[in-house]
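Please look through the sequence and the model before reading on, and keep both at hand. The paragraphs below go from one loop to its surroundings, and then to whole chains and packed helices.

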Amino acid sequence: MLIAAAALSLLVLAMVAVVAGRFPVVHRMVYGATMVAALVLTGGALDHLTGMSAGEAPTTVLPIGLPWLQAHFRLDTLTAFFMAMINAVAALASLFAIGYGTHVPEHRRVTPLFPLFLFGMNMVLLADDAFSFLVSWEFMSLSSWLLVLSDHRSETNREAARIYLIMAVAGTFCLLAMFGLLSGYGGDYTFATMRHTELSGLPAHLVVVLLLFGAGSKAGLVPLHAWLPLAHPAAPSHVSALMSGVMTKVALYAIIRVLFDLNGGVVWWWGAVMMVVGAVTAVVGVLYAMMQTDLKRLLAYSTVENVGIIVVALGLALAFLDSGDRLSAALALVAGLYHALNHSFFKSLLFLGAGAVLGSTHERNLNTLGGLLKRMPITGTTFLVGAAAISALPPLNGFVSEWLVFQALFRGPALPHWTMKFGIPVVGALLALAAALAAACFVRAYGIAFLGRARSAAAAHAVEVNAPMRWALLALAGICVVLGVLPVVVSTALAFVVNPLIDVQMNPAAGMGWPWLSPTGSVKGSYSATVVILVGGLLLLAARFAVRVWGVRKLRRAPAWDCGHAEDIANAQYTADSFAQPIRRVFGSTLFAAREEVEMPMPGDMEPARHRVIMRDPVWDFLYVPIGVAVGRIADLVNRLQFQTVRRYLLLMFLTLVFLLILVAVRR
Amino acid sequence: MSAIVWQLLHALLMVGLAPLVTGIVRLAKSRLQGRRGPSPLQPYRDLYRLLQKEAIVADSASWLFRVAPYLIFTATWTGAAIVPAFTSDMTLVPAADLIALVAMLGVARFFTALAGMDVGTAFGGIGSSREMMIASLAEPAMLMMTFSLSLLAGTTAPAGIGAFVLKGGIHLDVSAGLALLSLLMVAIAENGRIPVDNPSTHLELTMVHEAMVLEYSGRHLALIEAAGMVRLLLYMTLIASIFAPWGIAQPDEPAVFAVTGLLLFLVKVVLMAVALAVFETSIAKMRVFRVADFLGGALLLALLATIFIYVSEAV
Amino acid sequence: MTYEPLAYEFDVAHMIDAMVLMFGFQLLYQRRMQSVLRSFALQAVALAAAAAWQAHVQRAPHLYATAAIALVFKGMIVPFALNWLVVKLGIHRNVETALGIGPSMIVGVALVALSILLVLPVTGKATALTRESLALAMSVILLGMLMMITRHNAVTQVVGFMALENGLILAAVGAKGMPLVVEISIAFSVLVAMILFGIFFFQIRERFDSLDLRYLEYYRGDRQ
Amino acid sequence: MILGLLPQVAWILGFPLVGALVLALLPAWRWAAWGNVVISGGTLVAAAMLLGQPLPRPTRMFLIDPFNIYLVVLTAFVAFTTAIFSAAYISREAKAGQLDAKHLRFYHGMYQAFVFSMLLALTANNIGLMWVAVEAATLTTVLMVSLYRTRAAIEAAWKYFILCSVGIGMALFGTTLVYLAAQPVMGEGELAMAWSYLVIAAPGFQPDLLSLAFVFLLVGYGTKTGLAPLHAWLPDAHAEGPTPISAVLSGLLLNVALYALLRFKMIMAANGQSMLPGPLMIAMGLSSVSLAAFMLYRRGDIKRLFAYSSIEHMGIITFAFGIGGAVANFAGLMHMTMHSLTKSAIFFGVGIITQNAGTKHMDSIRGLTVSHPALGWAFLVAVLAIAGLPPMGIFMSEFLVVSSAFAREPLLTLPLAFGLMVGFGALLHRLQGLSFGEPLPMRGHAHPGFALSALALAPMFAHIALVLVAGLYLPAQLVDWFQRVAGLLG
C-alpha cells in the first residue's frame with residue numbers, strides 16, 4: 001500500500017514538473033519529493049525483506065492491461081532486494097539533483113522525466129505478468145530515451161538516443177517472443193502460469209537465447225553494448241548515474257527472474273554460454289574504458305565490464321544448479337547479486353562525481369582536467385573512494401564481491417562437464433585480467449582528472465560543488481565503505497534473497513562465524529574485512545608512531561624536481577592517451593587495430609609536431625555498420641517501386657493475380 | 001592468546017628483517033660483480049638517514065602525496081603479516097587468503113601509481129602507466145597461480161596450502177612446478193627486479209618503479225623504500241610457506257616448533273636472497289614492452305598448471 | 001419455379017461466349033486505333049447477344065435490360081465517344097504496344113489455358129454457371145487486363161478496362177438468377193467510368209498535349 | 001420495405017446522404033464547413049444509438065452484428081473528428097487562397113457522400129450491395145484526391161482510379177463466384193447474396209469455387225486495402241489529396257476494404273474444406289510489412305511517409321488474421337481500431353505541420369517540440385503510438401500478434417518482427433528529425449490564432465487520449481464483441 005502510494009506520487013511529481021517547470025524552486029522541490037518517495041520505496045522493500053520470513057509474497061491485481069489477463073503485481077524477496085537497491089541509489093541521485101538539476105542544459109525537459117524513469121523501473125520489478133512487465137520495460141526505455149534526448153540540440157546526442165531506442169525496441173521484440181514461448185500458445189501471460197509450465201528442448205533453449213539478446217542488450221553485453229557508451233554519457237549526470245548504476249541492474253533482474261524463476265529446467269551449456277559472454281564482455285569492456293578520454297564514456301564502458309562480471313557469476317550459478325550443487329549455486333548467485341549491489345553504488349558515485357566535475361568545469365575530456373583534488377576536496381576524495389572500490393581494493397565493497405566471485409569460480413572445476421573443467425580456468429583468467437585492467441583504468445582516470453596540475457583554465461578555476469551534491473557523494477562513499485567492511489551481514493541478507501530461487505539456505509560465515517566471511521568452510525579460504533581493517537589501522541598507527549619517534553617532523557614546499565627537467569608547463573604532464581599507451585600497445589593493437597601517427601612539420605615552419613592515435617571499433621566495423629549498409633541498399637532497391645508507371649503497377653497486380661491463380665491450380 | 005603473540009612477533013619480524021634481506025641481496029650482487037659492496041646492514045642506515053632528512057613536497061602535490069607513503073607501507077606490511085613464516089598459528093591467517101593478499105599488494109600499487117601522478121611531472125606518469133601495465137598481467141598470473149594451488153590443496157589460504165604440502169599432499173607435481181615458476185616470475189616483476197625493472201637505475205627509458213617515487217624525499221621516501229623491502233621479503237616468505245613449508249609450526253603443534261621454524265625460515269630467506277642475486281647478475285634487463293610477453297608467459301604457465309591438474313587427475 | 005435448360009441451349013450460350021472471347025483476342029491483335037474500337041464494339045454486341053440469350057433461356061426478362069445496356073452503351077456510345085476523343089485530341093492513330101502483338105497473343109492463349117485449368121475441378125452440377133462459360137468469362141477478364149498492361153495509349157487502356165468489364169458481365173448474366181443489383185452496379189460503373197475518364201481527359205488536355213500515359217507519369221511520386 | 005432497411009441503419013445512412021445533397025448545394029463554404037461538422041455529429045449520435053440496444057435481426061440487405069457495430073461507431077466518430085479538423089484546415093487553406101468556393105462546395109458534398117458509402121459498405125448484408133458501396137467510396141475519394149488540380153494531384157488520382165477500378169472488377173468477379181457457389185445450395189435470388197445466410201449455409205458450398213473466389217477477392221479488396229504489391233495507388237493518393245482526406249483514407253477506407261475481405265474469410269472459415277485463406281493472407285501481410293518498412297527509409301515527403309506506415313500496419317493486421325486463432329484475431333481487430341484512431345490523429349498533426357511549415361518535405365522541418373510545444377509533443381506521442389510503443393493501444397495488439405504468432409509459427413514471425421524493427425528505425429529517424437534539434441524557420445500560412453489552432457488540435461488530442469486509455473483499459477462490451485468476431489474468423 002505504502003509502496004503503491006509512493007510509486008503513484010512519482011507520476012504526480014512528473015505532472016507538477018511539467019505544469020510548473022518554469023520556476024527553479026519547483027525543480028528542487030520535485031527532486032526533493034522524488035528523494036522522499038524513493039526513500040519510502042526503499043524502506044518498504046527493506047521492511048518486506050526483513051519481515052518476509054513468514055508471509056507469502058503479496059500479489060495485487062489491477063483491472064487494466066489485457067482484458068482477460070489484467071495487470072498483476074507481486075513483491076517477493078528478489079523484487080524487494082532490487083527495489084531497495086534501485087530506490088536507494090535513486091534517492092541519493094535525487095539528492096544530488098536538488099543541487100544539480102537546474103544547472104543541466106534544457107533542465108525543464110529533464111525534471112519531469114526523472115520520476116517517470118524511476119517509476120518505470122519500479123514497475124518492471126513489481127510486474128508479475130508478461131504484459132505489464134513489457135509495458136513497464138518499454139516505459140523505462142522511453143523515459144530514459146527522452147532523458148538522453150534532453151539536450152537535443154547536439155547532433156551526437158540525437159544520434160545516441162536514436163541508436164539507444166532502436167536497440168531497446170529490438171530487445172523488447174526478443175523479450176516479447178520469449179514470453180510468447182514461455183506462456184505457450186495460451187494467451188495467459190501471468191508469471192504464475194509460466195512457473196508451472198515446464199519448457200524443454202528447443203523452446204527452452206530459444207528462451208535463453210532470446211533472453212540474452214533482449215535483456216542482454218539492455219544490460220550491455222558485448223556485442224550488444226554499442227548503444228550504452230553513447231547513451232549513458234549523453235544524459236545529464238544524475239540520470240547517467242541511474243541508467244548506468246541501476247537500469248542495467250533491472251536488465252539483470254530480468255535475466256535472473258526468467259532463468260532462475262520462470263524457465264524451469266536448466267541445461268549446463270546455458271551457464272557456459274553466459275560465462276563466456278560475460279568474461280568477454282568484462283575484458284572488452286574494460287579495454288574500451290581504458291582507451292576513452294571522455295570521463296563519462298569511460299565510466300559507461302566500465303559499466304559494461306561490471307555487467308560482464310555479474311553475468312559470469314549468474315552463468316556459474318546456472319552451471320552449479322545443473323550439476324545439483326545447490327550450495328555453490330547459491331554462493332555464485334550471492335556473489336553476483338553482491339557485485340550488482342556494489343556496482344550500483346560505486347558506479348552512481350562515480351557518475352555523480354563526474355557530474356560534479358562537469359558542473360564546475362564544463363569539461364568531460366580528461367585531457368583538459370587535472371589537479372581537481374586540490375580545488376574540489378570533497379568530490380575528489382569521494383571519487384577516490386569510488387575508484388578504489390571499483391578497482392576491487394580491500395577493504396572496500398568492490399573487493400568483497402570480487403572475492404566471492406573468485407571463491408565460487410574456484411569451485412567450478414568440481415563441475416562434471418569437461419567443457420566447464422577446462423573453460424572455467426580461462427574464464428577466471430579473463431576475470432582476473434579484467435580486474436587488474438580496471439585498476440589500471442581508474443588509476444588513469446583519477447590520476448589524470450584529479451591529480452597533477454590543471455590542464456585548462458576551466459580546471460584551474462574549478463570550485464567545490466554545493467551542499468546537496470556534496471552530501472549525496474559523501475553518502476554514497478559511506479555506503480561503499482560500509483558494504484565493504486560488513487561483508488558477512490550483507491551476504492547473509494543476500495543468501496536470504498537467493499534462498500527461494502535455489503531453495504537452499506547458505507551461510508556466508510559457515511566456517512568460523514562472524515566476522516569471518518567463509519562461505520565454503522574455514523579451510524577453503526576466508527576473508528574478514530573487519531579484522532583486516534582493524535589490524536591495518538593498528539599497523540598504520542604503528543608506522544606513524546615509528547616515523548614520529550625516529551624521524552624529524554620538518555617539511556618543505558618546493559617546486560617539483562623531476563630529475564631536474566621540471567618546467568612549469570601543465571602540458572608536459574602525462575595525458576590520458578599517453579598513460580594508456582603501454583596497455584594500448586599490449587592489448588589494443590590487435591583488438592582495436594590501434595595505430596599511432598606522428599606528423600613532423602617541415603623544417604622551418606612553426607607549427608608543432610602532432611601525435612595522433614587512430615583506433616577502430618571492431619563491433620561497429622563488423623556488425624552494426626554492415627547492417628546499416630545492407631538496410632540502405634535494400635531500401636534503395638525497393639525504392640524503385642515508387643517511381644513506376646501506372647501500366648507497370650497494373651502489371652504487378654496482374655502478375656500477383658496470375659501467380660495466386662496458378663497457386664490455386666497447382667494446389668489440387 | 002598465543003596466536004596474537006605469534007602474530008605480533010611475526011609482524012615485527014617482517015619489518016625488522018626486510019632491510020637485512022635487501023642488504024644481503026645487494027651484498028651478494030656486488031660480490032658476484034667483483035665489488036666489496038656495503039655491509040648487509042647498510043639499508044638500516046639508509047632508512048634512518050632518510051628519516052632524519054626533511055621531507056620536501058612539490059607545490060603541485062595534494063594531500064594524497066603525503067598520505068600515500070603511509071598507506072603503501074601499511075598495506076604491504078598487513079599483507080606480510082598474513083603469510084606464515086615460521087608458524088601458521090596466527091590471528092590474521094584466516095583473515096585473508098591469497099586473493100586478499102594479491103588485493104592488498106594491489107592497494108599499495110594503486111596508491112604508488114597515484115602518488116606518481118600527483119605531482120604532475122612527466123616521469124611520474126611514465127612510471128605509473130608502465131607499473132599498471134605490468135600489474136595488469138602480473139595480478140592475473142598470481143590469481144591463476146592461486147587457482148591452480150587451490151585446486152591442488154582445496155584452499156586459497158597460504159597457511160592451508162602449506163599444511164597440505166606438509167601432509168605430503170603435493171609430491172613432485174607438474175602443475176605445482178609450473179605454478180612455482182609463474183609465481184617466481186611474478187615475484188620478480190612485482191619487486192621490480194632485473195630483468196623487468198632495475199631497482200638501482202635512474203635512467204628515464206628503463207625505470208618503472210623508481211620513476212613513480214622520484215619526487216619523494218625524507219621520511220616519505222623512507223617509508224616507500226621500507227615498503228619495497230618488506231614486499232621483497234613478503235614474496236620470499238610466500239614462496240617458502242607454499243613450496244617449502246618445512247618447519248612451519250602448525251596450530252596444533254607445541255610452541256617450540258615455532259623456534260625451529262624461525263631458524264629454518266632464516267635459512268630459507270638467505271638462500272633465496274643469494275639465488276635472486278645470482279639470477280639478477282646473470283641476466284640482462286629487457287625492454288619495457290618485452291615485459292608484457294614475459295608476464296604473459298607467466299599467466300600462461302599458471303593456466304597450464306591448472307589444466308595439468310586435470311591431466312593428472314584423469315590418469 | 002426453376003427451369004433446367006436443354007443441352008442445345010447450353011451449346012448456343014457457349015458459342016456466343018466463345019465469340020466474346022474471340023473478339024477479346026482480336027482486340028489484342030489490332031494495330032490501328034479505329035479497328036481496336038471497332039472490335040471492341042463487336043465484342044459488346046456479342047456480349048449483348050449472350051445476355052439476351054441468357055434472358056431467353058433463363059426466362060429472366062431483366063437480363064434483356066442488361067443486353068440493351070451492353071448494346072447501347074458499350075456497342076455504340078463508348079466506341080463513338082472514344083473515337084471522338086481520338087479525333088478531337090489528335091491521338092496518333094496506331095496503337096503503341098509495350099509487348100509485341102505476337103507475344104501478347106501467346107500470353108493470351110496461356111491465360112485461357114490457365115482459366116480452363118482452374119475450372120476443371122469445379123463439378124458442373126454444383127454451379128449455376130457451366131464450367132465452359134465460367135472459363136470463357138474468366139479468360140475474357142484476363143485478356144482485358146492483359147490488354148491494359150501491354151498497351152501504352154490511354155484510349156486502348158480504357159478499352160482494355162471495358163473488355164475486362166465485359167468479362168464480368170458475361171459471368172454475371174450467366175449466373176442463374178443473380179439479382180438485378182449487380183447489373184445496375186455494372187451499368188452505373190460504366191457510366192461513372194466514362195464520366196470520370198472524360199473529366200480526366202479534359203484536365204489532362206489542359207496540361208499536356210498528348211494522352212499518352214508516359215507523359216502523365218512525369219511526376220515521380222516522391223523525389224528526394 | 002423491399003430493401004429491408006433497418007430503422008437504426010436508416011438514421012445512420014440518412015444523415016450523410018441528405019448531408020451530401022445539402023452541402024453540395026450550400027454556396028457559403030464557411031457554413032458548409034460547420035454544416036459538415038453538424039451532420040457528422042448527427043451521424044455519430046445515430047451510430048452511438050446502436051450501442052445501447054440489443055443487436056437487431058439482420059434483413060436481406062442490412063445487418064448489424066458484433067463485427068460491424070463498433071466499426072460503424074468508429075467510422076462515425078473519426079468522420080466527426082475529421083470534420084472538425086477539416087473545418088479548421090479548410091479555413092486556413094481558403095484564407096491562403098489554395099481552394100475557391102466551388103471546389104469547397106464540391107469537397108464538402110463529396111465528404112458526406114464518402115462517409116455515406118463507407119457506412120453503407122459496413123452495414124450491408126448483401127455482398128453485392130457491399131461491393132457497390134466500396135466502389136462508390138473509391139469514386140468519391142478519387143474526386144477528392146484530385147481536388148487541388150495540381151499535376152501531382154491529377155496523376156495520383158489517375159493512378160488511384162485505374163488501379164482501384166481494376167481491383168474492383170476483380171472483387172466483383174469474386175463476388176459473382178461466391179454467388180455461383182452459393183446458388184445451388186440456397187436457390188436463386190437475393191438470399192444467395194445475403195452474408196448472414198451465406199455464412200450459415202457455407203459448409204455446403206463447392207470449396208474449389210470458393211478458393212477461386214477468394215483469390216479474386218483478395219486481389220480486389222486487397223488493392224483497396226493497400227497490400228503490397230497492390231499498394232501503388234496508396235502513397236500518392238494520401239500525399240496529394242487534402243490532409244483531412246488522407247486522414248479518412250488511412251483511418252477508415254482501408255479498414256472498410258479489409259472488413260469486406262474479412263466477411264468473405266468468415267465464409268471460407270465456415271466452409272472449412274476450401275483452400276485455407278490463411279497462408280495467402282500471411283504472405284500478403286509479410287510482403288506489405290517488409291516492403292513498407294524499407295520504403296520508409298527513402299521518404300522525404302511527410303504524408304507519403306505515413307501513407308507507407310499505413311501499408312505496414314495493414315500488413316500486420318492481415319498477417320494477424322492469416323495466423324488466425326482467438327488471440328491473433330483479437331489482436332487484428334484491436335489493431336484495426338487502434339490504427340485508424342492513431343493514424344488519423346497523426347494526419348491531423350501532419351496537416352497542421354505542413355500548413356505551418358509550408359512544405360511537406362521533412363528535411364526542412366525541425367525542432368517542433370521547441371517551436372510548437374503542444375503540437376510537437378502530441379505529434380511525438382502519436383508517432384510513438386503508431387510505432388507500437390506502450391502504453392498506447394497499438395502496443396497491446398502488436399504484443400498479442402508477435403507473442404502468439406511466435407509461439408505458433410516462429411519462422412513466419414521472424415520476418416514480421418524484423419520488418420517492424422526496420423520500419424521502426426526509419427520512423428524514429430524521421431521523428432527525431434522533426435521533433436528535436438534547433439527549429440528551422442517556418443514559411444507556411446500565417447499563424448491561425450488561438451481559437452483556430454485549438455480547434456485543429458482538439459481532435460488530435462481526443463484520439464491520442466482514446467488510444468492511451470485503450471492501451472490500459474478496454475471496455476468489456478468491446479472485448480466481448482472482439483472475442484465473438486474472433487471466433488467467427490476461425
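A good place to begin in this predicted model is A:Pro395, which is found in the loop between α16 (377-390) and α17 of chain A. The peptide bond that leads from A:Pro394 to A:Pro395 is cis, and its omega is near 5 degrees. The loop between α16 and α17 of chain A is also the place of A:Ala392, a residue that has a positive phi of about 60 degrees although it is not a glycine. Is A:Ala392 buried or exposed? Since 20 or more other C-beta atoms within 10 Å make a residue buried, A:Ala392, with 30 of them inside that distance, is buried.

A:Ser391 is found in the loop between α16 and α17 of chain A as well, and with 28 other C-beta atoms within 10 Å this residue, too, is buried. Which residues surround A:Ser391, once its neighbours within four places in sequence are left aside? Its contacts are then with A:Gly398, A:Ala438, A:Ala439, A:Phe442 and B:Phe110, so that the list includes a residue of chain B. One of these partners, A:Ala439, is 48 residues away from A:Ser391 in sequence, yet the two C-alpha atoms are 4.4 Å apart in space.

Another loop of chain A, the one between α14 (326-361) and α15, holds A:His362, which has a positive phi of about 55 degrees and is not a glycine either. A:His362 has 11 C-beta neighbours inside 10 Å, and because 12 or fewer is the limit for an exposed residue, A:His362 counts as exposed.

The contact of A:Ser391 with B:Phe110 leads on to the place where chains A and B meet. That contact takes 74 residues from chain A and 71 residues from chain B. On the side of chain A that touches chain B, at least two residues each are supplied by α15 (372-375), α17 (397-410), α18 (418-450), α22 (529-550), β3 (555-558) and α23 (576-591). Which element gives the largest share of this side of chain A? The answer is α18(A), from which 15 residues come. Sorted by class, the side of chain A that touches chain B has 49 nonpolar, 15 polar and ten charged residues. Four pairs of chains are in contact, and among these pairs chains A and B share the most contacts. By comparison, no contact joins chain B and chain C, whose closest C-alpha atoms lie 53 Å apart, and none joins chain B and chain D, for which the closest C-alpha atoms lie 41 Å apart.

Chain B can now be followed on its own. It has eleven helices and one strand, and along the sequence these elements follow the pattern α-α-β-α-α-α-α-α-α-α-α-α. The radius of gyration of chain B is 19 Å, which is close to the 20 Å that the globule rule gives for 315 residues, so chain B is as compact as a globular protein of that length. Along its principal axes, the C-alpha trace of chain B spans about 60 × 45 × 40 Å. Of the 315 residues in chain B, 65% are buried. When contacts with a separation of 6 or more are considered in chain B, residues 24 or more positions apart account for 80% of them. Chain B also has a cis peptide bond, which joins B:Ile194 and B:Pro195 with an omega of about 5 degrees, and B:Pro195 lies in the loop between α7 (174-190) and α8 (209-212) of chain B.

The last step is to chain D and its helices. Two packed helices are described by the angle between their axes and the distance between the axes. Helix α13 (residues 326-357) of chain D packs against helix α19 (residues 476-489) of chain D at an angle of about 120 degrees, and their axes are 8 Å apart. That angle makes α13(D) oblique to α19(D), and the crossing in which α13(D) passes α19(D) is right-handed. Among the residues that make this contact are D:Phe330 and D:Leu333 of α13(D) and D:Phe482 and D:Val485 of α19(D). The residues of the contact divide into eight nonpolar, three polar and no charged.

A second pair in chain D consists of helix α16 (residues 393-408) and helix α17 (residues 410-435), which pack at an angle of about 145 degrees with their axes 7 Å apart. Here D:Val402, D:Ala405 and D:Phe406 in α16(D) meet D:Pro410, D:Leu412, D:Thr413, D:Leu416 and D:Ala417 in α17(D). By class, this contact of α16(D) with α17(D) has seven nonpolar residues, one polar residue and no charged residues.

Terms used: Residues are numbered from 1 along each chain as its sequence is written. Chains are lettered from A and ligands numbered from 1 in the order in which they are written. This is a predicted model: local features need pLDDT of at least 70, side-chain atom pairs count only at pLDDT 80 or more; totals for chains, interfaces and linings use all residues. Helices (H or I, at least four residues) and strands (E, at least two) are DSSP runs, numbered from the N terminus. The radius of gyration is taken over C-alpha atoms; the globule rule is 2.2 Å times the number of residues to the power 0.38. Two residues are in contact if their C-beta atoms, placed from the backbone, lie within 7 Å. Axes are lines fitted to C-alpha atoms, for helices over the stretch in contact, and angles run from 0 to 180 degrees between N-to-C directions. Angles under 35 degrees count as roughly parallel, over 145 as roughly antiparallel, 65 to 115 as roughly perpendicular and the rest as oblique. A crossing is left-handed if the near helix is turned anticlockwise from the far one by less than a right angle, and right-handed if clockwise. Ala, Val, Leu, Ile, Met, Phe, Trp, Tyr, Cys and Pro count as nonpolar, Asp, Glu, Lys and Arg as charged, and the others, Gly among them, as polar.
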